[in-house]
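The following exercises concern a strand pairing and a ligand site. Please examine the sequence and the coordinates before reading the solutions.

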Amino acid sequence: LKSPYHGGHLEVIVGPMFSGKSEELIRRVTRAVIARQNVQVFKPALDDRYHESKVASHAGRTVAALAVGSAAEIRAHLAGEGALLSDPGVSALPDVVGIDEVQFLGPEVVPLALELAGAGVRVILAGLDLDFRAEPFGSMPDLLARAESVEKLTAICTVCGAPATRSQRLIGGQPARLSDPVVLVGAQESYEARCRVHHELRE
Ligand code: ADP
C-alpha cells in the first residue's frame, strides 16, 4: 500500500463534468482510509462558509469533507492561523489531503499543494481541466504541469455516445454564449458532457 513516490507528491484527476472525477477521488480516499491513513478532504464552499460537508459523486457515493471559502482556509485548518506548513510546531499533517472542485479555488491553491507535497503529504486534487468555453480553467494548467501523476477522464457525449472531453453549458436549453457570465444568478442553466464535435458555443 506504500505509494510509489518517496514522501509527498501531487496527483491530479481531471476531465469534464460527469467524467467520474469525484468517484475517482472517493475511491482513492476510501482506499487510504482502509490503509489506516489519516485523510482530510476539502471542497470549495459555494456560500463561502466553512462547514462540515461531503463530496458526492453523481452516482451517489459520498465521503466526508470540509467546505472552505479559500485555499487560505485549508492552510489555516491544517497548520493554524498564520503558520507555515513547514513550521516544526505543525506536527500532525494528514497523510493524505484531497480537494474536489479545485478549479474554483484561487491561485493560492498552487503554493499550498506544493508545500503540502513538500511536507510529505499525498495530495489528491480533482477538478475541471476546461471551463464551459473549453478554455483551461483557473490554476488547473499549473497544477497539471507540476503533478507527479495526472489522470484525464472522459464522460459520455450526450449527443453521440463518444468519449466526452468538454462540459456543455446550456441556458434555457440553448448553448451558452461566450459572453455569458460564468456565474448566472436565477437563470435556468444546466450542463451536459459533450465530445469535441458536439460542444457548442453561441456567438
Ligand atoms: P464528476 O465528478 O467528473 O462530475 P461524478 O463522479 O460525480 O463525475 O459522476 C460520474 C457518474 O455520473 C458516472 O459514473 C455516471 O453514473 C454518471 N453520469 C451521468 N451522465 C453521464 C455522462 N454523460 N457520461 C458519463 N457518466 C455520466
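**Exercise 1: The sheet and its edges**

In β4, E52 has L66 as its bridge partner. The model is predicted. Determine in which sense β3 and β4 pair, and why one side of β3 is left without a neighbour in the sheet.

*Solution.*
1. β3 pairs with β4 (residues 62–68) in the antiparallel sense, over six bridges.
2. The sheet is open and has seven strands, in the order β3-β4-β2-β5-β6-β1-β7, with mixed pairing.
3. β3 (51–56) and β7 (149–152) stand at the edges and have a single partner strand each, so one side of each lacks a neighbour in the sheet.
4. From one strand to the next, the twist averages 25°.

**Exercise 2: The ligand site**

Identify the polar contacts of the ligand, and explain why the ligand lies between the two domains.

*Solution.*
1. The shell around the ligand holds 14 residues, the closest being K21, S22, E23, H58 and I156.
2. Two contacts involve the backbone: a backbone N or O atom of F18 is 2.9 Å from a ligand oxygen atom, and a polar backbone atom of S19 is 3.1 Å from a ligand oxygen atom.
3. From the side chain of E23, an N or O atom lies 2.8 Å from an oxygen atom of the ligand.
4. Of the 580 Å² of accessible area that the ligand has on its own, the protein covers 73%.
5. Two or more shell residues come from each of α1 (21–34) and β8 (155–156); α1 gives the largest share, three residues.
6. By type, the shell comprises seven nonpolar, five polar and two charged residues.
7. Both domain 1 (9–153) and domain 2 (154–203) contribute residues to the shell, and therefore the ligand lies between them.

Terms used
Residues are numbered from 1 along each chain as its sequence is written. This is a predicted model: local features need pLDDT of at least 70, side-chain atom pairs count only at pLDDT 80 or more; totals for chains, interfaces and linings use all residues. Side-chain values use heavy atoms; hydrogens and water are left out. A residue is near a molecule or strand if one of its heavy atoms lies within 4 Å of it. A polar contact is a pair of N or O atoms within 3.5 Å; within protein, one must be able to donate a hydrogen and the other to accept it, and residues adjacent in sequence count only if both atoms are side-chain atoms. Accessible areas come from the Shrake-Rupley method with a 1.4 Å probe; for residues, only the protein chains shown count as cover. Helices (H or I, at least four residues) and strands (E, at least two) are DSSP runs, numbered from the N terminus. Ala, Val, Leu, Ile, Met, Phe, Trp, Tyr, Cys and Pro count as nonpolar, Asp, Glu, Lys and Arg as charged, and the others, Gly among them, as polar. Domain bounds come from an automatic or database domain assignment. Two strands pair if DSSP finds at least two bridges between them. Axes are lines fitted to C-alpha atoms, for helices over the stretch in contact, and angles run from 0 to 180 degrees between N-to-C directions.
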